[in-house]
Amino acid sequence: MNLETFKYDNRIVRAFAIATIIWGIVGMSAGLLAAVQLFWPEANLNLQFVSFGRLRPLHTNAVIFAFVGNGMFMGIYYSLQRLCKARMFNDKLSWINFWGWNAIIVAAAVTLPLGLTTSKEYAELEWPIDIAIAIVWVVFTVNLMGTILRRREKHMYVAIWFFIATALTVAMLHIVNSLAVPASAFKSYPIYAGVQDALVQWWYGHNAVAFFLTTPYLGLMYYFLPKAAGRPVFSYRLSIIHFWALIFIYIWAGPHHLLFTALPDWAQSLGMVFSIMLIAPSWGGMLNGLLTLRGAWDKVREEPMLKFMVVALTAYGMATLEGPLLSIKSVNSLSHYTDWTVAHVHTGALGWNGFLTFSMLYWLFPRLYNTPLWSKKLANWHFWISLTGMMFYVIPMYWSGITQGLMWKQFTPEGFLKYANFLETVIQLIPMFVLRAVGGLLYILGTFLMAYNLWKTAKSGVFVPEVEAQAAPRNSGHDLHAEQDPWKHRWLEAKPITLTVLSLVAVAIGGLVEIVPMYLIKENVPTLSSVKPYTPLEVLGRDIYIREGCVGCHSQMIRPFRSETERYGEYSKAGEFVYDHPFLWGSKRTGPDLHRVGAKYPDAWHYNHMDDPRLTSPGSIMPRYSWLLEQKMDKKSLPARIAALRKVGVPYPAGYENSEALKDLEKQAETIVTNLKVGSVEAQPDKEIIAMIAYLQRLGTDIKAQAVAAPVNTSN
Amino acid sequence: MNNDSKQPILLEHEADGIKELDNLLPRWWVWLFYICVAYAVAYMLYYHVFNMGDLQAAAYAKEQKIGEEIKAASIAKFEANIANLEPSKEQAVLAQGTQIYTVYCAPCHRPDGGGIVGPNLTDDFWIHGSNYVDSVKIIINGVPDKGMLTWRGVLKPDEITSVASYIYTLRGTKPPNPKPPENLQTGPAKPSEFE
């Protein structure tokens with residue numbers, strides 16, 4: 001047999017590994033600072049750039065796209081070459097992938113603190129960066145598929161199926177969810193509004209978890225676990241079934257982020273039942289991992305890398321059971337908007353993604369540097385400290401979430417809300433917030449130990465930039481199991497293009513079935529004639545609300561429960577959001593819902609409250625927004641904003657932005673200044689706070705002008 | 001493929017040294033999957049094909065009806081007895097009143113009662129009647145024309161009486177820069193019995 005000699009590229013793997021460690025520390029530290037601000041608001045030093053609303057997206061983006069993203073590329077670039085018996089398709093593409101991706105992260109780290117954000121969760125980056133992401137992702141996909149097409153192994157191992165599904169689906173999600181019309185270099189409005197925007201966003205958001213945090217990492221688990229354990233994978237047929245079931249079902253589950261909202265009932269129900277159906281396919285991955293360790297548990301005791309892997313898989317199993325349970329409507333009615341969700345996602349992030357990344361790093365460094373790990377003992381310390389940190393994180397968050405959820409719903413025997421003042425339910429949680437920060441600190445401490453250990457490992461070895469390997473060219477051998485291939489899956493594993501197309505079909509169906517009817521069938525968003533577009537001043541105010549990340553802590557979606565309508569007012573209707581580009585329903589209530597805050601307080605109250613929330617609401621943990629009182633609003637950009645909004649479908653009259661808009665803005669600003677005077681507040685009409693007050697006072701008020709309430713849809 | 005889980009077939013293919021067994025799917029796992037799928041189908045049929053269950057708007061309407069009945073009864077009981085109410089001087093009641101005032105009243109009447117949008121509560125020129133029962137009524141009914149909200153159904157009965165008691169103590173406190181009197185034309189109202 002004639003063997004070909006080739007070289008695996010370790011340089012690119014090392015680059016991604018170093019980036020993973022650095023961004024991990026950055027992302028976790030941002031999270032820690034955010035956590036501290038929740039019990040000590042002054043920890044933002046009254047700097048707008050690190051106030052909670054801007055810091056939170058920085059934390060989530062850094063952890064997901066920088067830490068896990070680089071970790072994913074690290075693992076794929078290492079394992080793919082070896083599974084394909086081929087060097088990466090093109091070294092230049094590899095490095096464009098590396099530098100491009102990390103440049104995007106730097107751009108995120110600069111723009112998010114500046115308040116340049118779309119406000120759509122996990123898709124906060126503005127349009128120029130979105131385009132860069134799409135390009136870099138295509139580069140990665142070409143490199144991935146090119147390597148697969150040039151492979152020397154006839155069959156693609158299960159890990160590669162997961163990599164293919166990841167590449168395709170992330171591209172699809174990112175492009176569809178990011179469609180927007182720019183108003184300036186760093187400001188755009190999504191083409192979707194209200195209910196549709198919410199659905200597209202959570203189709204994206206949920207599947208970012210599925211196809212960025214889950215499928216690539218499952219693929220990596222399928223490589224690194226059996227390699228480290230030296231055991232065969234438990235069940236090939238389980239791999240097949242859980243792979244296809246997982247990617248097909250996952251995509252439908254997005255609406256479970258929108259239960260009890262203004263999303264039509266049928267879409268909510270689909271989101272719920274597909275989440276339930278996800279339990280078994282998700283557990284298929286965990287089982288295939290844990291059962292692979294049968295007969296190798298003694299190694300788990302010896303090898304820190306395997307300990308991390310076992311915890312990662314266990315956390316994965318817990319999170320993927322909990323997720324479907326949280327998707328059951330009655331459970332969700334308690335858990336949603338609370339810290340329960342925060343606990344849930346951190347089981348996934350700290351446990352599954354974090355520990356699996358650590359596991360890979362501990363495996364890779366000794367191999368990249370051709371030397372044993374510097375200290376197993378230190379790695380064990382890392383394991384126990386980070387595991388303790390994780391417990392200190394998630395347990396208080398469960399406690400906090402359930403406490404607050406129950407307090408929100410508690411009625412007195414007289415039929416009144418027991419805790420009518422939202423703040424009472426927040427103050428109750430502060431000890432839990434402190435414990436959570438301790439947990440986060442421990443987890444980061446563990447990460448530092450790892451960084452030190454890996455640094456020492458690198459120092460004590462010599463980097464191996466390339467590894468020579470030999471393999472026969474593809475197709476030289478015959479397939480031994482063709483006769484054992486009832487589902488033709490072995491056949492499919494030799495056909496990357498067919499497998500890619502079938503995967504694409506599997507992941508496209510769910511989105512099409514849910515999203516398309518939301519556009520075509522008018523009944524899904526019943527119109528309310530009294531709902532009008534925002535005034536120019538309100539547009540500027542809304543964009544400040546977006547810039548400051550208010551949506552990170554305040555929902556604008558009152559659910560149809562008595563406990564919510566008693567607290568906030570009439571529940572939110574789909575027709576109220578038709579001009580909301582983007583929707584700002586939110587997913588967490590660290591502060592109260594704001595959908596009906598309009599006309600609830602005098603203008604002066606808002607002014608004082610923004611200047612220092614603790615003046616008007618003692619004990620509040622909201623940051624100060626005193627810079628809104630100083631900074632001038634950006635009137636110059638108004639025409640471009642109005643024009644862009646018209647392009648996405650808001651019916652401003654033609655030419656409105658040329659002169660009328662500014663006049664209307666100034667008139668409304670003067671009214672607010674007059675109102676403020678009544679409340680003994682002297683303010684100039686060109687400050688940002690005026691626009692913010694205008695927006696807040698408008699919220700949820702249009703429906704009150706509706707003479708007859710919209711008919712309630714009681715069937716389906 | 002006939003194999004059993006005790007002796008799974010070790011597939012002959014391997015990838016970078018990784019071998020694969022071909023164990024049967026765990027039975028409980030298969031059943032778990034079936035049950036979840038059956039549940040999903042049943043759920044969709046129940047709610048969206050045969051329309052047997054309440055969707056969220058209908059469920060809300062029912063919940064709201066029950067809750068409103070309970071609340072209306074307790075409010076009616078309280079309001080039937082308003083004429084006999086006396087301001088409380090108990091520390092605990094006034095402390096509760098202070099808290100409620102800070103959250104709900106201070107936004108319009110200022111934390112010290114000096115008045116912003118809402119009138120000054122510390123002078124003797126009360127607009128809508130000056131005895132304790134009058135202020136309880138104002139809190140309950142509001143003055144919609146002038147922007148005073150109705151707190152009926154928002155504040156519990158004991159909260160209304162305690163905050164009214166607290167407001168009663170504000171009279172004559174003379175905070176700095178108060179809102180000027182708004183009821184001069186009808187002459188000063190009766191001074192507080194606390195003075």
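This section describes the fold, domains, packing and chain contact of a predicted model of chains A and B.

In chain A, the secondary structure amounts to 26 helices and four strands. Along the principal axes, the C-alpha atoms of this chain occupy a box of roughly 90 × 55 × 50 Å. The radius of gyration of chain A is 26 Å, in agreement with the value near 27 Å that a compact globule of 716 residues would have. Of these 716 residues, 57% are classed as buried. When contacts in chain A between residues at least 6 apart in sequence are considered, 84% of them link residues at least 24 apart.

Chain B contains five helices and two strands. Their order along the sequence is β-β-α-α-α-α-α, with both strands preceding the helices. Buried residues account for 27% of the 195 residues of chain B. Of the contacts in this chain between residues at least 6 apart in sequence, 63% connect residues at least 24 apart.

Each chain is assigned two domains. In chain A, domain 1 consists of residues 4-477 + 487-514, and domain 2 spans residues 536-705. The C-alpha centres of domain 1 of chain A and domain 2 of chain A are separated by 34 Å. Contact between these domains involves 46 residues of domain 1 of chain A and 49 residues of domain 2 of chain A. On the side of domain 1 of chain A that touches domain 2 of chain A, at least two residues each are contributed by helix 2 (52-84), strand 2 (180-184), strand 3 (187-190), helix 6, helix 14 (376-409) and helix 15 (422-427) of chain A. Helix 2 of chain A provides the largest share of this side, namely five residues. By residue class, the side of domain 1 of chain A that touches domain 2 of chain A comprises 24 nonpolar, 16 polar and six charged residues.

In chain B, domain 1 covers residues 10-49 and domain 2 covers residues 82-186. A distance of 65 Å lies between the C-alpha centres of domain 1 of chain B and domain 2 of chain B.

The contact between the chains draws 53 residues from chain A and 46 residues from chain B. Several helices of chain A supply at least two residues each to the side that touches chain B: helix 2, helix 6, helix 7 (236-250), helix 8 (265-277), helix 9 (279-292) and helix 21 (603-611). Helix 8 of chain A gives the most to this side, with six residues. The side of chain A that touches chain B divides into 30 nonpolar, 16 polar and seven charged residues. Helix 2 and helix 6 of chain A thus each supply residues to the side facing chain B and to the side of domain 1 of chain A that touches domain 2 of chain A.

With regard to internal packing, the largest nonpolar core comprises 233 residues, and those with the most contacts inside it are A:F16, A:Y77, A:A159, A:I160, A:A312 and A:M692. Helix 6 (residues 194-229) of chain A makes the largest contribution to this core, 23 residues. Another core lies apart from it and has 17 residues, including B:V136, B:A164, B:Y166 and B:I167. In the surroundings of A:A159, contacts are formed with A:S79, A:L83, A:G219, A:L220, A:Y222 and A:Y223, residues up to four places away in sequence being left out of account.

Several local backbone features were also identified. Most residues other than glycine have a negative phi, and most peptide bonds are trans. In chain A, the peptide bond joining A:H581 and A:P582 is cis, with omega of about -5 degrees. A:P582 is located in the loop between helix 20 (562-568) and helix 21 of chain A. The loop between helix 20 and helix 21 of chain A also holds A:A599, a residue that is not a glycine but has a positive phi of about 65 degrees. A:A599 is classed as partly exposed because 15 C-beta neighbours lie inside 10 Å. In chain B, B:K174 likewise has a positive phi, near 50 degrees, and is a residue other than glycine. B:K174 belongs to the segment after helix 5 (157-170) of chain B. With 10 other C-beta atoms within 10 Å, B:K174 is exposed.

Methods
Residues numbered from 1 in each chain as written. Chains lettered and ligands numbered in written order. Predicted model: local features only at pLDDT ≥ 70, side-chain atom pairs only at ≥ 80, totals over all residues. Domains from an automatic or database assignment. Core = buried A, V, L, I, M, F, W, Y, C linked by C-beta atoms within 7 Å. Buried ≥ 20, exposed ≤ 12 C-beta atoms within 10 Å, placed from the backbone. Contact = placed C-beta atoms within 7 Å. Nonpolar A, V, L, I, M, F, W, Y, C, P; charged D, E, K, R; others polar. Rg over C-alpha atoms; globule rule 2.2 N^0.38 Å.
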